[in-house]
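Below are some notes for a colleague who has the coordinates open and would like a careful reading of the fold. The points go from the sheets to the chain as a whole and end with the aromatic rings.

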Amino acid sequence: FITSPEVGPLFGELVARWVDGVWQDMDRPAHFDVVDLGAGPGTLLRSMAIAEPLCARSWSLHGVDLSAGTGLPDDLGGSVVVANEVLDNVPFRWVRRDSDSAHEAWVDRTGLQWRPAELDTPVASGEFPLIERAAALLTSILAAGAERVLMFDYGARRTQTLADRGGWLRCYRGHERRNDPLAEPGRWDITTDVPLDQLPPADRVRTQADFCRDHGLDDLVEAGRAYWVDHASAPDTTALRMRSRVREAEALTDGGGLGAFWAAEWSGTSWPLLTPDPLR
């Protein structure tokens with residue numbers, strides 16, 4: 001499946017603008033680290049570097065990919081951390097609650113089994129993900145002293161929303177989605193929509209579409225159109241990149257797709273370092 005950084009360089013430019021704003025808020029330090037958690041091949045970081053914001057003279061860009069064996073530093077003091085579609089891939093529990101009891105999904109040789117489970121809260125009925133490990137990952141980033149954290153993912157603000165609507169369990173392979181986690185085990189990427197109310201309280205939450213617009217998407221698209229008009233007769237690589245901004249903007253703000261993702265920000269200096277309740 002295609003993620004926002006892979007749509008084109010426009011997403012990285014918008015994130016770079018956000019990082020530049022954080023740098024301004026930090027009183028323009030001479031040096032600070034920007035960490036991309038779940039960097040993969042580094043597409044987002046390359047797009048950010050191409051954007052060349054003012055803070056580029058001060059930043060050091062770092063890619064971290066836990067699946068590739070590169071871990072987060074123990075000390076993130078003064079760092080800015082960004083992550084796109086990371087929390088949905090962290091292992092989660094699949095639970096079901098009714099008026100009398102709670103159960104958790106387990107898999108054995110006979111298939112999917114529902115076993116009794118102890119949950120600490122009466123909130124939410126129905127089936128939903130329990131993302132304790134994702135919450136712990138974010139908690140550890142903030143506890144390590146990150147100045148600011150920005151994350152994008154698919155999901156909802158409330159666990160109850162996922163429990164009500166169903167369809168939050170996602171299985172992907174080759175740009176195709178299925179919802180059966182037992183179909184061809186090991187050959188599908190199993191993920192979940194991420195409920196924000198199970199994470200540490202964010203300082204700001206908006207849709208990805210709103211994030212993009214708030215950081216100058218419309219101006220960038222218009223500038224791209226103008227550049228293309230001026231160079232269409234003999235286009236260079238910059239002109240081709242500028243022309244693609246219209247298509248990229250449409251994909252990044254699509255209300256039925258990437259635009260509906262949540263974009264959440266956390267401040268390490270204002271957030272109390274407490275482990276959140278799984279379902280507060």
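Which strands does helix H4 (residues 132-143) lie across, and at about what angle does it run to S8?

1. The model is a predicted one, and the question above is answered by its helix packing: helix H4 lies across S1, S3, S8 and strand S15 (262-267), and its direction runs at about 160 degrees to that of S8.

2. The strands just named belong to an open sheet of six strands, whose order is S2-S1-S3-S8-S15-S14 and whose pairing is mixed. Its edges are formed by strand S2 (59-64) and strand S14 (204-207), each of which pairs on one side only. On average, and with direction ignored, neighbouring strands of this sheet are turned by 15 degrees against each other.

3. Within the six-stranded sheet, strand S3 (residues 80-84) pairs with strand S8 (residues 148-153) in the parallel sense, over five bridges. A useful place to look at this pairing is Ala83, which stands opposite Met151 in S8. Helix H3 (residues 43-51) also packs on the sheet, where it touches strand S1 (32-37), S2 and S3, and its direction makes about 165 degrees with that of S2.

4. There is also an open sheet of three strands, in the order S11-S10-S12, and here the pairing is antiparallel. Strand S11 (176-178) and strand S12 (189-192) are the edge strands and have a single partner strand each, so one side of each is left without a neighbour in the sheet. The twist from one strand to the next averages 35 degrees in this sheet. Strand S10 (residues 169-173) and S12 run antiparallel and are joined by four bridges, with Ile190 in S12 as the bridge partner of Cys171.

5. Taken over the protein, the secondary structure comes to nine helices and 15 strands. The radius of gyration is 20 Å, which agrees with the value near 19 Å that a compact globule of 280 residues would have. Along the principal axes, the C-alpha atoms fill a box of roughly 65 × 40 × 30 Å.

6. Buried residues make up 48% of the 280 residues, and the protein exposes about 13,600 Å², of which carbon and sulfur atoms supply 49%. Among contacts with a separation of 6 or more, 75% are accounted for by residues 24 or more positions apart.

7. The aromatic rings deserve a separate look, since ring pairs link Phe92, Trp94, Trp114 and Trp168 into a cluster, and the structure holds six aromatic pairs. One of these pairs is formed by Trp94 and Trp114, which meet edge-to-face at 5.5 Å centre to centre with 75 degrees between the planes. Trp94 lies in strand S4 (residues 93-97) and Trp114 in strand S6 (residues 111-116), so this pair ties together parts that are 20 residues apart in sequence. Trp94 is buried, with a relative accessible area of 17%, whereas Trp114 is partly exposed at 24%.

8. What kind of pair do the rings of Trp94 and Trp168 form? Their centres are 6.1 Å apart and their planes stand at 90 degrees, so the pair is edge-to-face. Because Trp94 lies in strand S4 and Trp168 in the loop between helix H5 (159-165) and S10, the pair ties together parts that are 74 residues apart in sequence. Both Trp94 and Trp168 are buried.

Methods: Residues are numbered from 1 along each chain as its sequence is written. This is a predicted model: local features need pLDDT of at least 70, side-chain atom pairs count only at pLDDT 80 or more; totals for chains, interfaces and linings use all residues. Side-chain values use heavy atoms; hydrogens and water are left out. Two strands pair if DSSP finds at least two bridges between them. Helices (H or I, at least four residues) and strands (E, at least two) are DSSP runs, numbered from the N terminus. Axes are lines fitted to C-alpha atoms, for helices over the stretch in contact, and angles run from 0 to 180 degrees between N-to-C directions. Contact means heavy atoms within 4.5 Å. The radius of gyration is taken over C-alpha atoms; the globule rule is 2.2 Å times the number of residues to the power 0.38. Buried means under 20% relative accessible area, exposed over 50%, partly exposed in between (1.4 Å probe, protein chains only). Accessible areas come from the Shrake-Rupley method with a 1.4 Å probe; for residues, only the protein chains shown count as cover. Rings of Phe, Tyr and Trp (its six-membered ring) pair if their centres lie within 6.5 Å; planes under 30 degrees apart count as stacked, over 60 as edge-to-face and the rest as tilted.
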